[in-house]
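Dear colleague,

Please find the structure below, followed by a written account of what was found in it. I would be grateful if you would read the two side by side.

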Amino acid sequence: MKIIMLGAPGAGKGTQAKSIAEKYGIPHISTGDIFRANIKNGTELGKKAKAYMDQGMLVPDELTLDLVMDRFAQDDCEKGYVLDGFPRTIPQAEALTEALLEKGEKIDYAIDVAVPDEAIISRMSGRRACLTCGATYHVEFNPPKQEGVCDTCGAALVQRDDDKPETVKKRLSVYHQQTQPLIEYYERQGVLRQVDGTKSMDQVFAGIIEILD
Ligand code: AP5
Ligand code: MG
């Protein structure tokens, strides 16, 4: 099963993608997590990506596409995957469609997690992230068992550099300009499904399971 998570920054793509990956036994591929791991490890890619990410802008398509195509070539992608944060522009979506078409494959579902902008800004200020394993928490809605420590891997949790309110506003405007058009793109492919992302995490996940089962 090949699934794309669509939605604004902070809509809950990562939270839901992780649960989907666990339930269906497919890898969760988050381009944002891959970039953040590269930044943490001080790689060349990380240095390039950080300059864009800290400003709330998108990393250029060439850099992103190379990275994703490498990831798809790994063995664990054979049964499918859940993509989180990719594609994010029409050229990225077209490149993905083409790469799949070459193998006679296609995306099964593009799930749009819909949350209005007003709800996003307050959500982001409470987010805490694990840069080691990619787990995401919220101080109020999904706290870790021990404050500041990742339940899964024990690493220290951090607030993401791009979660400052000014940067979140910029990311939202970039989302509306460059990523929102993908909703129509996947609607035309007949694979778009929408869920109400303002509900509780469990309710959103229940809605997604209904679609996938
Ligand atoms: P990325 O890491 O993908 O960030 P994003 O799309 O802005 O999305 P977020 O991770 O911020 O939010 P999310 O939807 O995953 O929400 P989450 O589950 O964490 O990208 C970061 C940057 O990398 C980009 O700005 C860009 O520069 C670059 N980049 C990445 N991919 C790229 C690409 N393909 N092309 C170019 N550049 C790229 O939830 C948010 C918070 O809310 C959490 O605290 C969570 O616990 C909480 N929460 C989740 N669901 C609920 C709920 N139902 N109720 C209450 N709280 C909830
Ligand atoms: Mg995310």
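Strand β1 (residues 2-6) pairs with β4 in the parallel sense over four bridges. Two strands are taken to pair if DSSP finds at least two bridges between them. Helices (H or I, at least four residues) and strands (E, at least two) are DSSP runs, numbered from the N terminus.

Before going further, I should state that this is a predicted model, in which local features need pLDDT of at least 70 and side-chain atom pairs count only at pLDDT 80 or more, while totals for chains, interfaces and linings use all residues. Residues are numbered from 1 along each chain as its sequence is written, chains are lettered from A and ligands numbered from 1 in the order in which they are written, and side-chain values use heavy atoms, with hydrogens and water left out.

The sheet

Within the pairing of β1 and β4, I3 has Y109 of β4 as its bridge partner. Strand β1 is also joined to β3 by four bridges, and these two strands run parallel. Here I3 stands opposite V82 in β3.

The open sheet to which these strands belong has five strands in the order β2-β3-β1-β4-β7, with parallel pairing. Its edge strands are β2 (28-30) and β7 (192-196), each of which pairs on one side only. Neighbouring strands of this sheet are turned by 20° against each other on average, direction ignored. For such angles, axes are lines fitted to C-alpha atoms, for helices over the stretch in contact, and angles run from 0 to 180 degrees between N-to-C directions.

At one edge, β2 is joined to β3 by three bridges, in parallel, and S30 stands opposite D84 in β3. At the other edge, five bridges link β4 (residues 109-114) to β7, and the two run parallel. In this pairing D112 faces Q194 of β7, and V113 stands opposite V195 of β7.

Burial is described in terms of relative accessible area: buried means under 20%, exposed over 50% and partly exposed in between (1.4 Å probe, protein chains only). Five of the six residues of β4 are buried, so this strand is largely enclosed by the rest of the structure. In strand β3 (residues 81-84), Y81 and L83 point one way and V82 and D84 the other way, and all are buried.

Aromatic rings

Rings of Phe, Tyr and Trp (its six-membered ring) are paired if their centres lie within 6.5 Å; planes under 30 degrees apart count as stacked, over 60 as edge-to-face and the rest as tilted. By this rule there are two aromatic pairs. The rings of F72 and Y81 are stacked, because their centres are 4.7 Å apart and their planes lie at 15°. F72 is buried at 11% relative accessibility, and Y81 is buried at 3%. The rings of Y185 and Y186 have centres 4.9 Å apart and planes at 80°, so this pair is edge-to-face. Y185 has a relative accessible area of 10% and is therefore buried, and Y186, at 0%, is buried as well.

A charge also lies over a ring: K23 is placed over the face of Y24, at 5.5 Å from the ring centre. The criterion is that NZ of Lys or CZ of Arg is within 6 Å of the ring centre and within 35 degrees of the ring normal.

Helix α8

In helix α8 (residues 181-188), L182, I183, Y185 and Y186 are buried. These residues cover an arc of only 160° around the axis, which puts them on the same side of α8; the arc is that of the directions from the helix axis to the C-beta atoms. On the other side of α8, E187 and R188 are exposed. The cover over the buried residues of α8 includes β1, α5 (90-102), β4, α7 (165-179) and β7. Just after α8, G190 takes a positive phi of about 75°.

Two further positions

T64 lies in helix α4 (residues 61-72) and is buried, with a relative accessible area of 4%. Leaving aside residues up to four places away in sequence, T64 touches T31, F35, V59, F86 and Q92, where contact means heavy atoms within 4.5 Å.

A37 belongs to helix α2 (residues 31-40) and, at 27% relative accessibility, counts as partly exposed. A37 and R123 are 86 residues apart in sequence and 23 Å apart in space, C-alpha to C-alpha.

Yours sincerely
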